[in-house]
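Here is a short report on one protein model. Keep the structure in view as you read.

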Amino acid sequence: SSHFFREPVWRQPPGRVPQAKAAAKRVTRSGSSSMSVFSLDERGLQAAMAWGIWCFYMASFGVWGLTSFRACLKQQRARPVCRSLLPREADFYSIRFLAAYLVFDLLRAFDTCFDSDDGVCRAVFGVMPWGFRLVSWGLRDLMLLGAITSVVVFNVGWTHKALGLPEPRGLQRLLWLALLVSMAALCASFAALVSTNRQSYQATGAVSVVLLNMAWALANRRIMTEVLPELEAATTKTSEADEETSWLPSAIADVRAVTRLISTASVVVMFLFPILAMERIVLRGAHGMPLVPSVPLDQWVGDATAPLISERPVGMSLNPSLEIVELLIGWLQCVYTWRVGVREVTSRSPRGPPGDVPPECGFISLDELGSAAAAELDIAGHRCDPPTTTNGWCAAESLFGDRRGITLLLRRKARCDVATGAPAAGQQSASAWNS
């Protein structure tokens with residue numbers, strides 16, 4: 001009852017009014033003090049998270065760079081040694097593209113930016129101009145997308161050639177054209193971003209790679225549904241009849257693994273990037289929001305730097321999702337580089353004939369790999385081509401690397417003699433080789 005029937009402050013005696021004001025002021029001060037402490041703790045945690053991601057990113061560059069250097073060095077040393085140690089053409093170029101990707105990504109990520117609730121990117125140091133950052137970003141994406149496109153083009157080409165099918169020149173040109181168009185759209189978006197200071201062009205830059213991912217998905221669908229099943233069926237029949245094609249199943253398994261990975265990433269990009277772009281442009285009104293808050297809209301920001309993460313307003317949260325995705329891409333390319341460039345690759349490349357000189361280019365080309373696969377399938381299934389060299393033991397050692405080569409060559413010789421109706425010749429040849 002005293003609460004409801006208490007006199008208001010303006011009706012209280014004059015001596016009590018200052019006390020009420022002082023009490024209200026103390027409550028206000030204590031409340032604001034507690035809120036500021038909570039906000040400071042939250043800001044500190046987010047700043048520590050940002051610096052932790054930056055430190056892990058810089059440490060990752062050491063691992064990625066060492067892996068890339070070892071892969072390039074191993075490929076260079078294998079050039080004059082043996083054909084079976086040479087990389088395939090796509091692996092040769094993609095590893096060098098990815099090495100350049102690491103250089104440009106290091107330039108971009110040294111002053112790492114983190115997205116925030118208002119769409120403004122805030123940096124850890126705030127020293128890198130936006131013009132330099134976007135140029136490094138564009139060159140980095142060119143190297144990464146070029147490496148992936150070269151792998152897809154190579155896999156499409158040699159698998160068709162292995163089946164005796166004509167090389168799909170139209171599909172390969174479509175892939176390179178999609179790369180050119182996507183990079184042109186990305187560069188146009190970056191130019192508009194630094195020219196107008198509008199956040200909407202960040203979203204259009206992300207959407208520009210959707211066309212290239214559609215081309216990848218089209219090529220990978222053709223590989224997975226039309227080419228690989230026939231190639232695997234032919235390889236299964238071949239491996240049952242002859243053990244000489246041990247490198248072919250390994251090469252097909254690599255194509256399947258890489259195709260699945262690229263297809264998964266393509267589907268995610270095709271569906272996720274347009275949704276995120278529409279959310280930022282339509283729902284958040286990014287076209288009317290500046291990328292650099294200190295510069296007005298429709299002004300050049302190429303020489304401006306991103307604000308610091310410590311200068312963000314109270315209650316503004318950081319969003320590290322973009323940098324986490326970039327870290328994931330970096331580790332995936334590191335795994336790919338180690339898999340195709342550092343580990344032993346003799347089981348994935350065809351061996352040349354005895355005394356064969358490795359090519360001067362330092363890699364096994366698309367035509368050579370496809371022709372070797374077609375020759376292996378043709379030898380086991382339709383053709384009888386026994387070795388003609390007088391030194392059978394050296395031929396077996398150079399082709400297979402162990403004594404099992406003699407047995408395999410004799411089996412093939414016997415099958416050919418039976419197929420041509422001359423078993424005695426096969427027995428004579430076998431007895432001669434045994435002696």
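## Helices H3 and H7

The crossing of helices H3 and H7 is left-handed. This is a predicted model. The two helices, H3 and H7, pack at an angle of about 135°. Their axes lie 11 Å apart.

How are H3 and H7 oriented to each other? Angles over 145 degrees count as roughly antiparallel, and those from 65 to 115 as roughly perpendicular. The angle of about 135° for H3 and H7 falls in neither range. H3 and H7 are therefore oblique to each other.

## Helices H2 and H3

H3 also packs with helix H2. H2 covers residues 89–109, and H3 covers residues 130–162. Here the angle is about 165°, and the axes are 8 Å apart. Angles over 145 degrees count as roughly antiparallel, so H2 is roughly antiparallel to H3.

Which residues make the contact of H2 with H3? They divide into 15 nonpolar, 4 polar and 5 charged. The crossing of H2 and H3 is left-handed.

## Cavities

How many cavities of 30 Å³ or more does the count give? It comes to 2. The largest cavity has a volume of about 110 Å³.

Four helices each supply at least two residues of the lining of this largest cavity. They are H2, H3, helix H7 (247–283) and helix H8 (321–342). Among the lining residues are Ala90 and Asp91. Val151, Phe154 and Asn155 also line the largest cavity. So do Asp254, Val255 and Val258. Tyr336, Arg339 and Val340 belong to the lining too, as does Arg88. The lining of the largest cavity divides into 7 nonpolar, 1 polar and 4 charged residues.

## The sheet

Now turn to the strands. Strands of a sheet pair through backbone hydrogen bonds, either parallel or antiparallel. In this model, 3 strands form an open sheet, and the pairing is antiparallel. The order is E2-E1-E3.

Which strands are at the edges? They are strand E2 (122–123) and strand E3 (318–319). Each of these edge strands pairs on one side only. Strand E1 spans residues 113–116, and 2 bridges join E1 to E3. One bridge partner can be named: Ser116 has Leu318 in E3 as its partner.

Terms used. Residues numbered from 1 in each chain as written. Predicted model: local features only at pLDDT ≥ 70, side-chain atom pairs only at ≥ 80, totals over all residues. Heavy atoms only, no water. Pairing = 2+ DSSP bridges. Axes fitted to C-alpha atoms, helices over the stretch in contact; angles between N-to-C directions. Parallel < 35°, antiparallel > 145°, perpendicular 65-115°, else oblique. Left-handed = near helix turned anticlockwise from the far one by under 90°. Nonpolar A, V, L, I, M, F, W, Y, C, P; charged D, E, K, R; others polar. 1 Å grid on protein atoms, 1.4 Å probe; cavity = no way out; pocket = protein on both sides within 12 Å on 5 of 7 lines; lining within 4 Å. Points joined across faces, edges and corners; volume = space filled by probe spheres on them.
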